[in-house]
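Trainee: I am new to reading structures of this kind, and I would like to learn how to go from single residues to a picture of the whole chain. Could we work through one together, step by step?

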Amino acid sequence: MMKAKERKADKLLFVLSVDTEEEFDWEGGFPQENCSVDNIRYLPEFHQFCESLNIRPTYMVDYPVASTAESAAIIKDILARGNAEVGAHLHPWCTPPIEGPNTERESHVINLPAKLIRRKLEVLLAAIEDNIGVRPTVFRTGRWGIDGKVLQILIDYGFKVDSSVYPYYSNQYFSCRDACDQPYWPNLAKPNYPGTQRKIFELPITSGFNRPDFPFWEKVHARISSPGLQTVRLVGLAWHTQMLRKLFLSPELTTAGDMIALVKAAIASGSPVIHMFLHSSTLLEKPGEYNQNNIRRRELYASVRSVIEYLSTTGSVEFCTLTEAAARMESKS
Ligand SMILES: [Zn+2]
């Protein structure tokens with residue numbers, strides 16, 4: 001009995017989050033209306049594929065998908081199968097009310113005024129509740145990144161789990177570079193770090209390197225990436241020789257071999273949850289920001305399957321939605 005219990009406690013959790021959103025050409029700016037959600041037609045096939053591997057996906061649904069009758073009905077049908085979860089995903093540029101500038105900066109939720117975020121969130125939640133029939137409690141910002149202001153808004157609207165942290169990445173509009181890469185209770189004053197509040201839990205996606213001890217290798221990577229001293233060559237050399245690769249657990253960005261290397265290193269680093277992510281728009285098989293390699297559905301499925309097959313060789317894996325994974329983690333922290 002004891003042994004069985006211990007094994008259960010040590011189970012590795014696997015979650016897959018899918019940003020379930022409109023497809024668009026990123027070259028053409030951020031579309032504010034008449035968004036196309038054709039890609040959602042491929043979601044039932046995708047979900048069936050997930051079912052075949054026991055994956056319990058969390059579909060982070062945004063406003064164009066939730067407010068279009070056909071796509072909302074598809075999500076509702078998937079949800080009725082009892083092995084998925086619907087979360088909320090806020091693309092500020094195409095969620096009413098549409099106002100203010102529409103540049104790269106404002107495409108990141110954290111850069112909007114709190115009042116506007118609240119209004120947009122209300123519209124998004126109403127669309128999901130009215131058309132899909134659930135009140136989501138998990139959330140992801142459009143284009144990643146989180147701050148204390150947004151976390152407080154999420155708490156006010158009853159959210160329990162955020163998944164906007166993208167460890168080891170930053171750009172000029174947000175930074176998750178030094179963010180905690182394990183599930184944690186974020187400090188509202190410094191959301192990249194753990195704190196004492198117990199209202200909203202953070203489930204970052206799995207990112208890191210092809211070697212264990214990600215915070216250490218991030219320092220090395222930052223040093224060889226910093227301006228000066230032929231640095232481009234050093235980062236390229238590290239990548240090509242496989243000495244050091246910065247990797248993100250998505251079949252859109254990363255080959256199956258590299259995803260497995262990342263998962264191996266994450267497990268060796270003690271990660272209790274493996275969190276893969278992708279975008280529904282990739283199912284459309286059109287090149288775009290999230291599908292620069294123009295990956296085909298068949299290739300995408302093969303790539304995900306390889307990772308799951310690898311995981312099954314490591315011992316016992318439990319497939320969870322984000323809420324289920326957070327519940328297991330919260331009880332340990
Ligand atoms: Zn998105």
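Trainee: Leaving aside its neighbours within four places in sequence, which residues is A256 in contact with?

Mentor: Please keep in mind that we are looking at a predicted model. To read a contact, one looks for residues whose C-beta atoms, placed from the backbone, lie within 7 Å. Once the neighbours within four places in sequence are set aside, A256 is in contact with S303, S306 and V307. A256 and R305 illustrate the separation along the chain, for they are 49 residues apart in sequence, yet their C-alpha atoms are 8.8 Å apart in space.

Trainee: Where does A256 sit, and is A256 buried or exposed?

Mentor: A256 belongs to helix α10, which covers residues 256-268. For burial one counts the other C-beta atoms within 10 Å, where 20 or more means buried and 12 or fewer means exposed. A256 has 17 of them, and is therefore partly exposed.

Trainee: At what angle do α10 and α11 pack?

Mentor: The angle between α10 and helix α11, residues 297-313, is about 35 degrees, and their axes are 9 Å apart. The contact between the two is made by A256, M259, I260 and V263 on the side of α10, and by S303, S306, V307, Y310 and L311 on the side of α11. As for handedness, α10 and α11 form a right-handed crossing.

Trainee: How are α6 and α7 placed with respect to each other, and which residues make the contact?

Mentor: Helix α6 (residues 114-131) packs against helix α7 (residues 148-156) at an angle of about 40 degrees, with the axes 10 Å apart. The residues that make this contact are A114, I117, R118 and L121 of α6, together with K149, V150 and I153 of α7. An angle from 35 to under 65 degrees falls in the oblique class, and α6 and α7 are therefore oblique to each other. Their crossing, in which α6 passes α7, is right-handed.

Trainee: Which residues touch the most other members of the largest nonpolar core?

Mentor: That core has 85 residues, and those touching the most other members are V61, A66, I75, L124, I128 and A325. Taking I128 as an example, and not counting residues up to four places away in sequence, one finds that I128 touches V61, A66, V86, A88, V134 and P136.

Trainee: How should I read a strand residue such as F139, and which residues does F139 touch?

Mentor: The approach is the one we used for the helix residue, namely place, burial and contacts. F139 lies in strand β4, and F139 counts as buried because 28 C-beta neighbours lie inside 10 Å. Beyond residues up to four places away in sequence, F139 touches G87, A88, L154, F159 and D162. The C-alpha atoms of F139 and E202 are separated by 9.7 Å, although these residues are 63 apart along the chain.

Trainee: Where is G270, and why is G270 exposed?

Mentor: G270 is in the loop between α10 and β11 (273-279). G270 is exposed because it has 9 other C-beta atoms within 10 Å, where 12 or fewer is the cut-off. G270 also has a partner far along the sequence, since P212 is 58 residues away in sequence and 8.9 Å away in space, C-alpha to C-alpha.

Trainee: Which backbone features deserve a look, and what is the phi of R143?

Mentor: One looks at the peptide bonds and at the sign of phi. R143 has a phi near 65 degrees, a positive value in a residue other than glycine; R143 lies in the loop between β4 (138-141) and α7, and with 24 C-beta neighbours inside 10 Å R143 counts as buried. Y168, also not a glycine, has a positive phi of about 70 degrees, and Y168 is placed in the loop between β5 (161-162) and β6 (186-187). Among the peptide bonds, the one joining P96 and P97 is cis, with omega about -5 degrees.

Trainee: What can be said of the chain as a whole, and how many helices and strands are there?

Mentor: The chain has twelve helices and twelve strands, and 44% of its 333 residues count as buried. A compact globule with 333 residues would have a radius of gyration near 20 Å, and the chain agrees with that at 19 Å.

Conventions
Residues are numbered from 1 along each chain as its sequence is written. This is a predicted model: local features need pLDDT of at least 70, side-chain atom pairs count only at pLDDT 80 or more; totals for chains, interfaces and linings use all residues. Helices (H or I, at least four residues) and strands (E, at least two) are DSSP runs, numbered from the N terminus. The radius of gyration is taken over C-alpha atoms; the globule rule is 2.2 Å times the number of residues to the power 0.38. A nonpolar core is a set of buried Ala, Val, Leu, Ile, Met, Phe, Trp, Tyr and Cys residues joined through C-beta atoms within 7 Å. Axes are lines fitted to C-alpha atoms, for helices over the stretch in contact, and angles run from 0 to 180 degrees between N-to-C directions. Angles under 35 degrees count as roughly parallel, over 145 as roughly antiparallel, 65 to 115 as roughly perpendicular and the rest as oblique. A crossing is left-handed if the near helix is turned anticlockwise from the far one by less than a right angle, and right-handed if clockwise.
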